[in-house]
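Here's a quick briefing to read with the structure open. Have a look at the fold first, then work through the notes by topic.

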Amino acid sequence: MTLSSRTSPRPPRPTLDLVVVSSEWLSPYLVRVRLGGPGFALFGDRPETDKYVKLKFTTPPPESLPVTRTYTVRRVDAQSQTLDIDFVVHGSEGLAAPWAAVAEPGAVLSLLGPGGGYLPNPDADWYLFAGDLSAVPAIAAALETLPEDAVGVALIEVDAEDAVLDLAAPPGLEVRWIVDSTHDEETLADAVRAVSWRDGHVEVFAHGERESMKAVRRVFFDERGLERSHVSLSGYWARGRTEDRFQAEKREPIGQIIPAQ
Ligand SMILES: Cc1cc2nc3c(=O)[nH]c(=O)nc-3n(C[C@H](O)[C@H](O)[C@H](O)COP(=O)(O)OP(=O)(O)OC[C@H]3O[C@@H](n4cnc5c(N)ncnc54)[C@H](O)[C@@H]3O)c2cc1C
């Protein structure tokens, strides 16, 4: 579509100012921040289980530049007018994670969104989820919407035993935690290779560290020959990169998980 053929320009997305209601550590590495307040009325909920928002931060002085950080909306509670975001706390670097680690009730967080792309297809024969802790909010939300007779496996790579969580899932959907602190980009791909492949149409949701996603992409497309329409795959972050650099690199070959055809 050209600009001139557009009948009405897309309205600018409003910024929502939400207020921290509470926070809760789900593990030493994951903190859930519950947000609400009058700004919640502007939140246009969506059905996708991987729906995400862009959180607004400012880099430290002297630059003091506005930047955004992308996070999954883990759960929306229309009744209490709150939404939850689960932050991986990955050390002292960064803006969003350090903010979340010390967020106190009453603090204001501005955000844009939500956007979203994935909702489990109830017609799939089986499901395969793969990711790291950053994808746990999206994977957990998807597992909760699967039918009770859904089958498959969720593979989640974490650094330490105490990062493992108890996720609700249908009985036929195995949640398998891979504890490995080496950050070897093939770890998750090897776990995918080890899955006993079932008959029928598999639906894949794989998101996490960029190089790890490139490795699982090779398994899905080069080794298993899956159709792209059955695979939701993207990088959520890249080791050693701030989100600003990670997003900018999407325009370069290193940032492309699925090379352009
Ligand atoms: C659609 C989408 C949904 C996402 N959902 C979530 C979510 O629900 N929860 C969540 O925690 N993250 C999520 N992420 C990832 C999150 O946006 C990035 O981790 C982001 O870089 C964190 O910002 P920051 O300010 O804490 O760190 P940055 O300033 O961006 O980075 C600082 C340093 O920390 C490193 N780093 C960043 N993230 C991690 C990590 N997870 N583990 C180890 N080191 C890291 C970077 O490589 C860099 O060296 C999502 C990303 C996308 C694209």
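Which residue in strand 6 stands opposite arginine 32? That would be aspartate 86. Keep in mind that this is a predicted model. The protein splits into domain 1, covering 15-115, and domain 2, covering 126-255. The notes below take the sheet of 7 strands, then the sheet of 5 strands, then the contact between the domains, and finally some backbone details.

**The antiparallel sheet**

- Seven strands make up an open sheet here, and reading across it gives the order 4-3-7-1-2-6-5.
- The pairing in this sheet is antiparallel.
- At the edges sit strand 4 (66-72) and strand 5 (75-77), each of which pairs on one side only.
- Going from one strand to the next, the twist averages 40°.
- For a look at one pairing, take strand 2 (residues 30-36) and strand 6 (residues 82-88), which pair in the antiparallel sense over 6 bridges.
- The arginine 32 and aspartate 86 from the opening question stand opposite each other, with aspartate 86 belonging to strand 6.

**The parallel sheet and its helices**

- There's also an open sheet of 5 strands, ordered 10-9-8-11-12, and its pairing is parallel.
- Strand 10 (173-179) and strand 12 (231-237) are the edge strands; each has a single partner, so one side of each has no neighbour in the sheet.
- The twist in this sheet averages 10° from one strand to the next.
- Strand 11 (residues 202-209) runs parallel to strand 12, and 6 bridges join the two.
- Across that pairing, valine 204 stands opposite valine 231 of strand 12.
- Helix 4 (residues 210-223) packs on the sheet and touches strand 8, strand 9, strand 11 and strand 12, with its direction at about 160° to that of strand 11.
- Helix 2 (residues 136-145) lies across strand 8 (126-132), strand 9 (152-158), strand 10, strand 11 and strand 12. Relative to strand 8, helix 2 runs at about 160°.

**Where the domains meet**

- Taken over C-alpha atoms, the centres of domain 1 and domain 2 are 23 Å apart.
- Domain 1 puts 17 residues into the contact, and domain 2 puts in 19 residues.
- Between them, the two domains bury about 1,500 Å², and 57% of that is on carbon and sulfur atoms.
- On the domain 1 side, Tyr29, Thr49 and Arg74 lose the most area to domain 2, together accounting for 37% of what that side buries.
- How many salt bridges are there between domain 1 and domain 2? The count is 3.
- Arginine 69 and aspartate 244 form a salt bridge, with their closest N and O atoms 3.2 Å apart.
- Between domain 1 and domain 2, 4 residue pairs are in polar contact, counting pairs with both residues at pLDDT 80 or more.
- Strand 1 (16-27), strand 4 and strand 6 each supply at least two residues of the domain 1 side that touches domain 2.
- Strand 4 gives the largest share of that side, with 5 residues.

**Backbone details to check**

- As background, most peptide bonds are trans, and most residues other than glycine have a negative phi.
- Proline 61 and proline 62 are joined by a cis peptide bond, with omega near 10°.
- You'll find proline 62 in the loop between strand 3 (52-58) and strand 4.
- Serine 64 lies in the loop between strand 3 and strand 4 as well. Its phi is near 50°, which is a positive value in a residue other than glycine.
- The peptide bond joining glycine 113 and proline 114 is cis, with omega about 10°.
- Where is proline 114 placed? Look in strand 7 (residues 108-115).

Definitions and conventions
Residues numbered from 1 in each chain as written. Predicted model: local features only at pLDDT ≥ 70, side-chain atom pairs only at ≥ 80, totals over all residues. Heavy atoms only, no water. Pairing = 2+ DSSP bridges. Helix = DSSP H or I, 4+ residues; strand = E, 2+ residues; numbered from the N terminus. Axes fitted to C-alpha atoms, helices over the stretch in contact; angles between N-to-C directions. Domains from an automatic or database assignment. Contact = heavy atoms within 4.5 Å. Buried area = accessible area lost by both parts, 1.4 Å probe. Salt bridge = Lys/Arg side-chain N within 4 Å of Asp/Glu carboxyl O. Polar contact = N/O pair within 3.5 Å; in protein donor to acceptor, adjacent residues only side chain to side chain.
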